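Here is a short tour for anyone who likes to look at a binding site before setting up a calculation. Take a moment with the view below, then read on.

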Amino acid sequence: MTNNEECPHGKGSPDWCNQCTPQNSGTSQQNSDHNFDLTDAYSVETPEDNLDLYARWADTYESSFVADEGYVYHHGVAAAFLENFISRNEPILDVGCGTGLVGEALLANSSFESAIEGLDLSAEMLEYARLKKTSTGQPVYSDLHVGDLTATLDLPDNTYSGIVSCGTFTHGHVGPEAFDELYRIARPGALFAIAINPDHFSNQGFETRFYSDVSSGTITEPVYKKVQVYSTGPHAQDRFPIGIFHLN
Ligand SMILES: C[S@@+](CC[C@H](N)C(=O)[O-])C[C@H]1O[C@@H](n2cnc3c(N)ncnc32)[C@H](O)[C@@H]1O
């Protein structure tokens, strides 16, 4: 079923909301056959929910969800990062890297030379990122870290010349509180290209956070580029914003 009305609970479309569409309730349990979808992704509320969901979803995330839903978000996010990034001999970090689609898309551009590290809450998703290889057989990710973006990260200060993220700043996942730690681990001048679900953006105070960070001189004024998320299906017309800015 496709529903073009606005969900009053901040999930965008009622199709993605358990409260608007009660038959969605308990979808995660019904999907114990690993056939997960957006309703499952948007029904999580805590890091523990995310750990549980992605542990069960990792095996089929790419083979079912990405393939069946025509998920193309990572291509737009990688392109936005590359358009703005000046390569330096310093690593970049893909936050909420999951199975590694953004890293793979970045390296599809042969001129990209920076080492890519990945961070995710889910060790199961990272196992798939670990398997990703370049055309010459090198690992796509030079290092992978288990970490919770809503907490302190076990990563050193002033390390990364770029921070990229796709599909992680969304309902029930990660909000603007993550930026304290992301600014700490980024180098001065680092490029941020952070894809944010538009409903989550409005409901979770990203605008206020960025306004305050610009006012304090912490970051440059964000520019928003909108990209396609799904190439097929009822949400093929959706365009989600990527916040692009630099750490001062
Ligand atoms: C929809 S997936 C996106 C994965 C990948 N970036 C992509 O585009 O395919 C969301 C990812 O965010 C991760 N995640 C959720 N909450 C997190 C948190 N608090 N800290 C770090 N990663 C988190 C999940 O484990 C999952 O891999």
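How many residues surround the ligand, and which are the closest?

## Around the ligand

In this predicted model, the ligand is surrounded by 23 residues, and the closest are G96, G98, L121, L149 and G167. Two or more residues of this shell come from each of α3 (47-57), α5, α6 and β4.

By character, the shell holds 12 nonpolar residues, nine polar ones and two charged ones. Domain 1 (15-69) and domain 2 (73-246) each supply at least three residues to the shell.

## A look at helix α5

Helix α5, one of the elements that line the ligand, covers residues 73-84. Does its length fit the usual geometry, and what span should we expect? With 12 residues at 1.5 Å a residue, α5 should span 16 Å, and because its end C-alpha atoms are 17 Å apart, the two values agree.

Buried positions in α5 are Y73, H74, G76, V77, A78, A80 and F81. These buried residues pack against α6 (101-107) and against the strands β4 (160-169), β5 (186-196), β6 (223-228) and β7 (239-246).

## The chain as a whole

The chain contains 10 helices and seven strands. Of its 248 residues, 40% count as buried. Among contacts with a separation of 6 or more, 72% join residues 24 or more positions apart.

## Confidence

The average pLDDT of the chain is 89, and 86% of the residues score at least 70. Over residues 22-33, however, pLDDT stays under 50, and the model has 11 contacts beyond four places in sequence for this stretch.

Key:
Residues numbered from 1 in each chain as written. Predicted model: local features only at pLDDT ≥ 70, side-chain atom pairs only at ≥ 80, totals over all residues. Helix = DSSP H or I, 4+ residues; strand = E, 2+ residues; numbered from the N terminus. Expected span 1.5 Å × (residues − 1). Buried ≥ 20, exposed ≤ 12 C-beta atoms within 10 Å, placed from the backbone. Contact = placed C-beta atoms within 7 Å. pLDDT = per-residue confidence, 0-100. Near = placed C-beta within 6 Å. Nonpolar A, V, L, I, M, F, W, Y, C, P; charged D, E, K, R; others polar. Domains from an automatic or database assignment.
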